[in-house]
Amino acid sequence: MGLRTVRNAIRGERTLTSTPPPKHLVRREDELWLVDVEDGGGTLLGFRIREVLFKAQTPYQYILVVDSFDYGKMLVLDGIVQTTVRDGFIYNEMITHPPLLLHPDPRRVLIVGGGDLGAAREVLKYPEVESLVLVEIDAQVVEAARTYLPEIAGSGDDPRLELRTEDGTRYLEAASPAQFDVILVDSSDPVGPAVGLFRPEFYAAAKHALRPGGILVVQSESPLYHRSTVESVLTALRELFSNVRPYWSVVPTYAGGFWLFTLATDLEEFEFRRTLPGDTKFATPSGIRAAFDLPPFLRDWMDGLTAFPPEKR
């Protein structure tokens, strides 16, 4: 069955109404659905929508904030779920806490992307962090999150937080060397404005901006649906850093529910340096350690990739 046929089947026979649904939403009988077609067209993710709270076409992407039946309020960019009030804390805790627990002295942190401010909220739980710069290309993402998703964004009034509305790739290309202790790449999927955040040149610029012993963490997509992206991330980072450690988590609203992050550093010691904040909802010290213990099918595949750390080439 072709992709068009699949989409028509999901929409049902009564999709023609007097009021067309917003972009990326479809009607099935009397119900409104968000439908995300995964790469290749073989998988559809569907979420039944109670209400559209916000919609806007920006120069960069189409933004939706919707209230879903199963996951509550959602931030959706170009038809792809970014975060929800029901499970967003999982992703935000798992991209932030591993590097902040492992770094010896994480005073200056940079987040590229992350306009929903959920990752920033987690970073700022650490008193050791003296400054956090968040670079988000689309100001309307930040405003939508603050207005409609305060459960995720928080107040955003911490004086340590500096928000910059600009292209993250250009920001890092122009950055002075050795500015940051930790850099988090909290990007959307590698389409539209996020494409540049998955290129080797971007990772090289990120390393240039890291202080000695700094840590870079990159959200690395699904190992089930986006293997080519995972492979390109690992290959590029292994060319730059001596210690590249993928780790995984469960994110129910993402494709397959099984998501990867990649931590890259030149640190040799891989141990926790501080205590995890006490108000996490998902992350635990033992859970974070276990996340680096990859399932055999992933470990075997990743070990077979061809790029090696600099000192081993």
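The paragraphs below walk through three places in a predicted model: a serine in a strand, a pair of helices, and a glycine in a loop.

We begin with S68, which belongs to strand β4, a stretch covering residues 62-68. Its relative accessibility is 1%, and because buried means under 20% relative accessible area, S68 counts as buried. The surroundings of S68 can be described in two ways: its side chain reaches the backbone oxygen of G72 at 2.8 Å, and, when residues up to four places away in sequence are left aside, S68 touches R48, I49, R50 and M74.

From the strand we turn to the helices α8 (residues 227-238) and α10 (residues 296-303), whose axes come within 11 Å and cross at roughly 55 degrees. The two helices are therefore oblique to each other, and their crossing is right-handed. Where they meet, α8 contributes R227, V230, E231, L234 and R238, while α10 contributes F297, L298, W301 and M302. Sorted by character, the residues of this contact comprise six nonpolar and three charged ones, with no polar residue among them.

The last stop is G257, which is found in the loop between β12 (243-250) and β13 (258-265). With a relative accessible area of 13%, G257 is buried, since that value lies under the 20% limit. Not counting residues up to four places away in sequence, G257 touches S249, V250, V251 and P252. Another residue to look for is S222, which is 35 residues from G257 in sequence, while the C-alpha atoms of the two are 8.1 Å apart in space.

Methods:
Residues are numbered from 1 along each chain as its sequence is written. This is a predicted model: local features need pLDDT of at least 70, side-chain atom pairs count only at pLDDT 80 or more; totals for chains, interfaces and linings use all residues. Side-chain values use heavy atoms; hydrogens and water are left out. Helices (H or I, at least four residues) and strands (E, at least two) are DSSP runs, numbered from the N terminus. Buried means under 20% relative accessible area, exposed over 50%, partly exposed in between (1.4 Å probe, protein chains only). A polar contact is a pair of N or O atoms within 3.5 Å; within protein, one must be able to donate a hydrogen and the other to accept it, and residues adjacent in sequence count only if both atoms are side-chain atoms. Contact means heavy atoms within 4.5 Å. Axes are lines fitted to C-alpha atoms, for helices over the stretch in contact, and angles run from 0 to 180 degrees between N-to-C directions. Angles under 35 degrees count as roughly parallel, over 145 as roughly antiparallel, 65 to 115 as roughly perpendicular and the rest as oblique. A crossing is left-handed if the near helix is turned anticlockwise from the far one by less than a right angle, and right-handed if clockwise. Ala, Val, Leu, Ile, Met, Phe, Trp, Tyr, Cys and Pro count as nonpolar, Asp, Glu, Lys and Arg as charged, and the others, Gly among them, as polar.
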